[in-house]
Amino acid sequence: MLDLTLPAVDLAPLLVGALLSDGGVTVQLTEVEAYAGADDPAAHAFIGLRPRTRDLFGPPGTLYCYLSHGLHTCGNVVCGADGGGSAVLLRAGRVVAGLDVVRERRPGVPDAALARGPGNFGRAIGWTLADSGRRFAVGNLALVPGPDSGTVLAGPRVGVSVAHRRPWRFWAEGDPTVSAYRASPRIQPGHLDW
DNA sequence: AACAAGATTAACT
DNA sequence: GTTAATCTTGTTT
C-alpha cells in the first residue's frame, strides 16, 4: 500500500508507476512533482489556508484540484501530516483502461499524449474544480502501487519561478507519455534560490 | 471597481 | 519562438 502520510518528496517517486482509477478510466502515472507545504515557496500552500487552498490543507488522501490559466484543471494528491499542505502534482500518465472514453474526450490526440501535461491529465480523467476535495480510496477514486515503475529520474519542477533548483519532479525514464521540460519564463536571474 | 498573474496548452509564424 | 484562450484569486485604486 502507498503511505500517503509520507512527505511529498518521499511519496512522489513512489507514485511514478502507480495506478490511478476514476470513473472507469485508469492511468499509470509517469510524471509527478512534489510540493512541500507552506515552507515551499513554489507551492500553493505557501499563501496559507484560503478558500482556494482549503482542500490542499485537508487530510492526506484528499484530491486537490486547481484551475490553471482559466482553462486547465490540474490534480494533486494531498499527503504528509494532516493540515500540512503538502501534495504531489500529477503531471502525466499512460491510459491503461477506459481508452475509448478518453479518446472521446480528446479526439485526434495520439494515445501517448492523452494524459501528457497536468492540464491534459486532468482532462483525460474528466476532472473539474468540483472534484477537488474528494478522497482517494473512497468510492471509485483509487490509487494503488504499480507493477513496473522502471527507472525513476529526478529534475527541476516545470514552470516554477522560485526554488527552481530543487529536483522535485520525478518521471519514468524514456517514457513517451512524459511531458517536455520547460523552465519558467519568470525566473529572476540572480534571485535568492533555495 | 479595475487589474495583473498564474504549478498551461495549442495553434500560429 | 510567439501568442491567444480563459477564469479565479489576490492586490491595488
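**Buried cysteines, cores and a DNA contact**

With a relative accessibility of 0%, Cys-79 counts as buried (buried means under 20% relative accessible area, exposed over 50% and partly exposed in between, with a 1.4 Å probe and protein chains only). This is a predicted model, in which local features need pLDDT of at least 70 and side-chain atom pairs count only at pLDDT 80 or more, while totals for chains, interfaces and linings use all residues. Residues are numbered from 1 along each chain as its sequence is written, chains are lettered from A and ligands numbered from 1 in the order in which they are written, and side-chain values use heavy atoms, with hydrogens and water left out.

**Cysteines**

- A search of the whole structure finds 0 disulfides, a disulfide being a pair of cysteine sulfur atoms within 2.5 Å.
- The sulfur of Cys-79 has its closest cysteine sulfur in Cys-65, and because the separation is 15 Å, the two are too far apart for a bond.
- Cys-65 also counts as buried, at 3% relative accessibility, and the cysteine sulfur closest to its own belongs to Cys-74, which at 8.6 Å is too far for a bond.

**Nonpolar cores**

- The largest nonpolar core (a set of buried Ala, Val, Leu, Ile, Met, Phe, Trp, Tyr and Cys residues joined through side-chain atoms within 4.5 Å) has 34 residues, of which Leu-15, Leu-29, Val-32, Trp-127 and Leu-143 touch the most other members.
- At least two residues of this core come from each of helix H1 (8–15), strands E2 (25–36), E3 (63–68), E4 (72–79) and E5 (86–97), helix H3 (118–125) and strand E8 (169–172); helices (H or I, at least four residues) and strands (E, at least two) are DSSP runs numbered from the N terminus.
- Strand E2 gives the largest share of this core, with 5 residues.
- Leaving aside residues up to four places away in sequence, Leu-15 touches Leu-2, Leu-29, Val-32, Val-88 and Leu-143, where contact means heavy atoms within 4.5 Å.
- Another core, of 13 residues, lies apart from the largest one and includes Tyr-35, Tyr-64, Val-78 and Ala-87.

**Helix H3**

- Because 6 of its 8 residues are buried, H3 is largely enclosed by the rest of the structure.
- Those buried residues are Pro-118, Gly-119, Phe-121, Gly-122, Ala-124 and Ile-125, and they pack against strand E1 (19–22), E2, E4, E5 and helix H2 (99–105).
- After H3 comes Gly-126, whose phi is positive, near 90°.

**Positive phi outside glycine**

- Most residues other than glycine have a negative phi.
- His-69 has a positive phi, near 50°; this residue lies in the loop between E3 and E4 and counts as exposed, at 74% relative accessibility.
- Ala-163 likewise has a positive phi near 50° and is found in the loop between strand E7 (152–155) and E8, but Ala-163 counts as buried, at 2% relative accessibility.

**DNA strand C**

- The residues around DNA strand C, each with a heavy atom within 4 Å of it, are Arg-50, Arg-52, Leu-67, His-69, Gly-70 and Leu-71.
- Of the strand C atoms within 4 Å of the protein, 58% belong to sugar or phosphate, and the rest belong to bases.
- A polar side-chain atom of Arg-50 lies 3.3 Å from a phosphate oxygen of DNA strand C, whereas for Gly-70 a polar backbone atom is 3.4 Å from a sugar or linking oxygen of that strand.

Technical notes
A polar contact is a pair of N or O atoms within 3.5 Å; within protein, one must be able to donate a hydrogen and the other to accept it, and residues adjacent in sequence count only if both atoms are side-chain atoms.
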